[in-house]
Amino acid sequence: MTEKDNAKAYWKENIRYVLILLAIWFLVSFAAGILFKEELNSIKIGGFKLGFWFAQQGSMYVFVVLIFVYVRLMNKLDKKYGYDA
Amino acid sequence: MMHSLLVEGFGVQNWTYVLVGITFTLYIGIAIWARAGSTNEFYVAGGGVSPLANGMATAADWMSAASFISMAGIISFDGYDGAVYLMGWTGGYVLLALLLAPYLRKFGKFTVPDFIGDRYYSNTARLVGVICALIVSFTYVAGQMRGVGLVFSRFLEVDINTGVVIGMVIVLFYAVLGGMKGITYTQVAQYCVLIFAFMVPAIFISIQMTGNPIPQLGFGSQLADGSGTYLLDKLDGLSTDLGFNQYTEGSKSTIDVFAITLALMVGTAGLPHVIVRFFTVKKVKDARKSAGLALLLIVILYTAAPAVAVFARTNMIETVSNQPYANMPEWFKKWETTGLIVFNDKNNDGIINYVANETNNELVVDKDIMVLANPEIAQLPDWVIALVAAGALAAALSTAAGLLLVISASVSHDLIKKMINPNISEKGELIAARLAAVVAVCVAGYFGINPPGFVAATVALAFGLAAASFFPAIILGIFYKKMNKEGAIAGMVVGILSMLFYMTKFKFGWFGGGTKANWWFGISPEGFGTVAMIINFIVSLVIMKFTPEPPQNVQDIVEHIRIPSGAGKATH
């Protein structure tokens, strides 16, 4: 595989990771916290209505996890394609 | 004196002098230790900052007086709707970490206009970038200075203008001397101060009200009084009794909540003073990790803020609603003298009637005082109240310093070095950078003392502008090799202008003005950054189709920045 193909394959995998993670990013904030908030609010966990909880707590926890998952995935990917130098 | 000391203890004011004095000495000490000797150190701290230090510095840089003082207050009045700030100002970091930071670090320049100018091989693009960076940063910094003045005037009982001047001198000292290097390490210290100052009262009050020491869980728990009632249910009840919306429901339309949240996220990812922090780490890998750490450190405060909002709202309603004015505690009277609490006994019965209905309501409480007054309302010890003052100052000063650096770098590097006099020596550029910082502090101080009426309105404008201009240009610059200068410039200009048009139309009544009923698609000016961003993307892509593609060497640069290895030191 030439250097150019290598770079291309690396980029393709990177984009796939990014799209998956951004889909989750959208789901927890815009979907759970805003668009489907009313539906989720009928579920209660402790004193929290679930839609309200996603909007003011849950989405933020997931954001942090998403970035660290991305860091791990990319560190592995860098190694796989020899870009970790 | 001796007598009063014995009776009242050490006192809030003395505690404030002590804590503010200690923290300020610390910041100045760090600035002297970490002063900058080269432009590289001045702009990007020499590029050798560790991911954790950079994460802490980014968190302090990002969390301004607005996050520390205003946000929980806004949430406590807006209830559910406050989520736009919580999700908006944290979700942007996901975009930053996944889409921007690693590539901009690899690109290896000093400033955001630097990237725009080089990627789009055009000084026109660079100039548009400089103008946007200046507008965004000045808007912000004026608000920070105001925050400093507010804290000084309330807790040290000096004149608000004197407070602004003291803040100016401190920031001037360490920003001018230390540049990015000095700022980075003072911000690390400021993060520690502000997070401690925010969390201590939150934990105290959470235990007091619910028995749960973790505020993030506490506001979803049952009350500590053994009644078995959940705190949020109680607050929903109190709110509806007084004629307000249910706390957990809010009143904005779904489309507007959606648009504002997205505009704030995208605006966050496009803010120059945040982006530039990722130029200070060593490797691309560090830039990703550092974004994660920054968000983790921010989220500690951001998840506690809605809890503080609920505690403060509940406590406030219980303290004032239907109570005789004569029985109000000391903090109430003190805030009245600052004009941030106003009681107008319309029916002359001496009882505070606090309701949603504006004709009957007798009490106006400024949202900005909720966090500052919260420990007093909950009757926490004096040192905790003083700690909050020190934390608020740390938040305001750290952000102000970061913004001043963006302003000075835009002038000395992007304008002078890159456009006006490319032959300037490194020493000359460093002097120019320091002079620009001095001028910027004075301008910021002026706006802090004479705040233009539109400061509050323009903070939203700053996010909208960043969303409408930088974000699409940077994203397309990285992810779309064929994006050319014609497309990017047209996109940025049209994006900014449409944002400015909408804001001035609905905020200042220009272009015929208009009310809520006239909003396009029901989207408020705060949320219009989302629409302007989409306009930018469309214009860029359409113009690109009809203009020549970028030169091969630029396309090669794009391929190069997509690969993480071999990120050198940031250069000219």
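**Exercise 1. The order of elements in chain A**

Which pattern of helices and strands does chain A follow when read along the sequence?

*Solution.* Keep in mind as you work that this is a predicted model.

- Step 1: Count the elements. Chain A has 3 helices and 2 strands.
- Step 2: Put them in order. Along the sequence, the pattern reads α-α-β-β-α.
- Step 3: Look at the confidence. The average pLDDT of chain A is 93, and 98% of the residues score at least 70. Among the elements of this chain, helix α3 (residues 50–80) has the highest mean pLDDT, 95, while strand β1 (residues 44–45) has the lowest, 90.

**Exercise 2. Comparing each chain with a globule**

Find how the radius of gyration of each chain stands against the value for a globule of that length.

*Solution.* Take the chains one at a time.

- Step 1: Start with chain A. A compact globule of 85 residues would have a radius of gyration near 12 Å, but chain A has 18 Å. Its C-alpha atoms fill a box of roughly 55 × 20 × 15 Å along the principal axes.
- Step 2: Turn to chain B, with its 23 helices and 2 strands. Its radius of gyration is 24 Å, close to the 25 Å that the globule rule gives for 572 residues, so chain B is as compact as a globular protein of that length. Along the principal axes, the C-alpha trace of chain B spans about 75 × 55 × 40 Å.
- Step 3: Add burial. In chain A, 36% of the 85 residues are buried; in chain B, buried residues make up 58% of the 572.
- Step 4: Add the contacts between residues at least 6 apart in sequence. Of these, 49% join residues at least 24 apart in chain A, and 81% do so in chain B.

**Exercise 3. Annotated spans of chain A**

Work out how much of each UniProt span in chain A is helix.

*Solution.* Begin with the record, then turn to the model.

- Step 1: Read the record. An unreviewed UniProt entry lists residues 17–36 and 51–71 of chain A as "transmembrane region". For "domain: Sodium symporter small subunit", UniProt (unreviewed entry) lists residues 7–83 of chain A.
- Step 2: Check residues 17–36 of chain A. This span is 95% helix and 0% strand, with its end C-alpha atoms 25 Å apart.
- Step 3: Check residues 51–71 of chain A. Here the chain is 100% helix and 0% strand, and the end C-alpha atoms are 28 Å apart.
- Step 4: Check residues 7–83 of chain A. The span is 84% helix and 5% strand, and its end C-alpha atoms lie 9 Å apart.

**Exercise 4. Where the chains meet**

Identify the helix of chain B that gives the most residues to the side touching chain A.

*Solution.* Go from the whole interface to its parts.

- Step 1: Count both sides. In chain B, 39 residues are in contact with 35 residues of chain A.
- Step 2: List the helices. On the chain B side, α6 (83–107), α11 (231–241), α12 (254–269) and α14 (284–320) each supply at least two residues.
- Step 3: Pick the top contributor. α14(B) gives the most, with 11 residues.
- Step 4: Sort by class. This side of chain B has 21 nonpolar, 12 polar and 6 charged residues.

**Exercise 5. Inside the core**

Which residues have the most contacts inside the largest nonpolar core?

*Solution.* Look at the core, then at one of its members.

- Step 1: The largest nonpolar core has 220 residues, and those with the most contacts inside it are A:I67, B:V171, B:L194, B:A392 and B:L404.
- Step 2: Helix α9 (residues 160–210) of chain B gives the most to this core, with 22 residues.
- Step 3: Leaving out residues up to four places away in sequence, B:A392 touches B:A65, B:F68, B:I69, B:G147, B:V151 and B:L372.

**Exercise 6. Three residues to classify**

Decide whether B:A488, B:Y121 and B:F521 are buried, partly exposed or exposed.

*Solution.* A residue is buried with 20 or more other C-beta atoms within 10 Å, and exposed with 12 or fewer.

- Step 1: B:A488 sits in helix α21 of chain B. It is buried because 30 other C-beta atoms lie within 10 Å. Among the residues B:A488 touches are B:Y120, B:A473 and B:S540. The C-alpha atoms of B:A488 and B:A473 are 5.7 Å apart, although 15 residues separate the two along the chain.
- Step 2: B:Y121 is in the loop between α7 (112–119) and α8 (123–155) of chain B. With 15 C-beta neighbours inside 10 Å, B:Y121 counts as partly exposed. Its phi is positive, about 35°, although B:Y121 is not a glycine.
- Step 3: B:F521 lies in the loop between α21 (485–507) and α22 (528–545) of chain B. B:F521 has 11 C-beta neighbours inside 10 Å, so it counts as exposed. Its phi is near 55°, a positive value in a residue other than glycine.

Note on methods. Residues are numbered from 1 along each chain as its sequence is written. Chains are lettered from A and ligands numbered from 1 in the order in which they are written. This is a predicted model: local features need pLDDT of at least 70, side-chain atom pairs count only at pLDDT 80 or more; totals for chains, interfaces and linings use all residues. Two residues are in contact if their C-beta atoms, placed from the backbone, lie within 7 Å. Helices (H or I, at least four residues) and strands (E, at least two) are DSSP runs, numbered from the N terminus. Ala, Val, Leu, Ile, Met, Phe, Trp, Tyr, Cys and Pro count as nonpolar, Asp, Glu, Lys and Arg as charged, and the others, Gly among them, as polar. pLDDT is the predictor's confidence in each residue, from 0 to 100. A nonpolar core is a set of buried Ala, Val, Leu, Ile, Met, Phe, Trp, Tyr and Cys residues joined through C-beta atoms within 7 Å. UniProt positions are given in the numbering used here, feature names are shortened, and annotations may be inferred rather than shown by experiment. The radius of gyration is taken over C-alpha atoms; the globule rule is 2.2 Å times the number of residues to the power 0.38.
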